[in-house]
Amino acid sequence: MTVDRERNALTRGTTPRRQLMAAAALAPVLAGAGTGIARADSGSAGSGGQGLLQPLPTAESDWTDVASELGRSGGVRRRMLYHTDFTRRDLDVVSYGIKIQPSFALGSHVAFVRYSDDSSLLMGDLVVTEDELQRVSDALAAHGVGQTAIHKHLLSQTPDIWWTHVHAHGHDPVRMARGIRAAIDCTTTPGPRPEGEPEESPVDLDTKGIDEALGTPGVDHEGIYKSIFLRSETMTHDGRVLPQGLAATTALNFQPLGGGKAAMNGDIAMIGSEVQDVLVALRKNGINLVTLHNHGLMDEPRLFFFHLWAVGDAVKIAKALRPAVAATLVEPVGSHRK
């Protein structure tokens, strides 16, 4: 099925054939059969065949015990995602001779979602050194937290850094948080930034030019300029509807290098039929490819991600990225902010 046909089907409100096939494949799951995905307890994640589980709005107060177990507070995004950062400010990473700022590409994070059957879903991405990777994997497995991807976001880096995506679901989010904390404790990840500690200076880039080139307002986060897009279609995973943006985000990060120049690192989320068009658009416009892979195991529609790298004039890089982003079914995150 081509990208245009899939978009037309979504616009008309019809269901592509592969989604119908996926629904049939999910039937045993919804009836309570095992899935092979790590569960943090023995509770069934299905809904007895009555349909997909829907995410529920939550507040920070609903996640107090999770925050306590993680050892730091998080925040609720888009009313449904309880999100916590574990930025690797302890690492001194260099890629292609450029010192990588922690907020640019070294941000471990996890998100929790509550569902209508009172179960919870955990997804996230942990930044680990090559020396830490096996210990982290063992700690996650010991606590029932699965790994769904292990890959690189950067090339030609020192020290060697890996990114592992994590996943769990069940009726005990505190146990899930305990597993994440155990994995974090296998690394030298620092504690939360002390209150009142100054952050990096404002981003030194032509942010208006970047916004115009990409067609969306970005955000300044600790000196890094971020342009974010969300997949437009409804995403599901193992019988659950995912809140928009969870595990389905295109994120383009710009680290200032002075004189209007930047290093760009990020990823583009795609369905299979979009991959080749995106690849051609990226290379035609001089954007370097780092990896092509999945972040999840049972997402529907199936998503793939390109991780990217470029160095040069920030606005020119943004203009070079625009055709690749336009080849995917995404929308700017701006309209979904609080």
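**Packing of helix 5, strand pairing and salt bridges in a predicted model**

The buried residues of helix 5 pack against strand 7 (120–129), strand 8 (146–151), strand 10 (161–170) and helix 6 (173–184). Packing is expressed here through contacts, that is, heavy atoms within 4.5 Å. Helices (H or I, at least four residues) and strands (E, at least two) are DSSP runs, numbered from the N terminus. The structure is a predicted model, in which local features need pLDDT of at least 70 and side-chain atom pairs count only at pLDDT 80 or more, while totals for chains, interfaces and linings use all residues. Residues are numbered from 1 along each chain as its sequence is written, and side-chain values use heavy atoms, with hydrogens and water left out.

The mean pLDDT (the predictor's confidence in each residue, from 0 to 100) of the protein is 86, and 82% of its residues reach 70 or more. Over residues 1–50 the pLDDT is below 50; this stretch nevertheless has 82 contacts in the model beyond near neighbours in sequence. Where pLDDT is low, the predicted coordinates should not be read in detail.

Helix 5 spans residues 133–142, and its buried residues are L133, V136, S137, A139 and L140. These residues lie on the same side of helix 5 because they cover an arc of only 165° around the axis, the arc being that of the directions from the helix axis to the C-beta atoms. Buried denotes under 20% relative accessible area, exposed over 50%, and partly exposed the range in between (1.4 Å probe, protein chains only). The face turned away from the buried side of helix 5 carries the exposed residues Q134, D138, A141 and A142. Helix 5 is followed by G144, which has a positive phi near 75°.

Strand 3 (residues 81–87) is mostly covered, with six of its seven residues buried. Strands are taken to pair if DSSP finds at least two bridges between them. Strand 3 pairs with strand 2 (residues 75–77) in the antiparallel sense over three bridges, and R77 stands opposite L81 of strand 3. Three residues separate the strands of this hairpin, in which R78 takes a positive phi near 50°. Strand 3 also pairs in the antiparallel sense with strand 6, over six bridges; T84 has V110 in strand 6 as its bridge partner.

S108 is placed in strand 6 (residues 107–115). With a relative accessible area of 0%, S108 is buried. Residues touched by S108, leaving aside those up to four places away in sequence, are T84, D85, F86, T87, R88, D125, L126 and V127. The side chain of S108 reaches the backbone nitrogen of V127 at 2.7 Å, a polar contact (a pair of N or O atoms within 3.5 Å; within protein, one must be able to donate a hydrogen and the other to accept it, and residues adjacent in sequence count only if both atoms are side-chain atoms).

Two open sheets were also identified. One has three antiparallel strands in the order 5-4-9. Strand 5 (98–99) and strand 9 (157–158) stand at its edges, each with a single partner strand, so one side of each is left without a neighbour in the sheet. Strand 4 (residues 94–95) is joined to strand 5 by two bridges, and V94 stands opposite K99 in strand 5. The other sheet has three antiparallel strands in the order 14-13-18. Its edge strands, strand 14 (240–241) and strand 18 (299–300), each pair on one side only. Two bridges connect strand 13 (residues 236–237) with strand 14; R240 in strand 14 is the bridge partner of H237.

The structure holds 11 salt bridges, each a side-chain nitrogen of Lys or Arg within 4 Å of a carboxyl oxygen of Asp or Glu. One of them joins the side chains of D185 and R181 (3.2 Å, N to O); D185 is exposed at 51% relative accessibility, whereas R181 is partly exposed at 33%. R231 forms a salt bridge with E233 (2.9 Å, N to O), and both R231 and E233 are buried. R231 also forms a salt bridge with E274, the closest N and O atoms being 2.8 Å apart. The pair R231 and E274 links distant parts of the chain, 43 residues apart: R231 lies in strand 12 (residues 224–231), and E274 in the loop between strand 16 (261–271) and helix 8 (275–284). R231 counts as buried at 1% relative accessibility, and E274 counts as buried at 1%. Salt bridges that share partners also join R88, D90 and E132 into one network.
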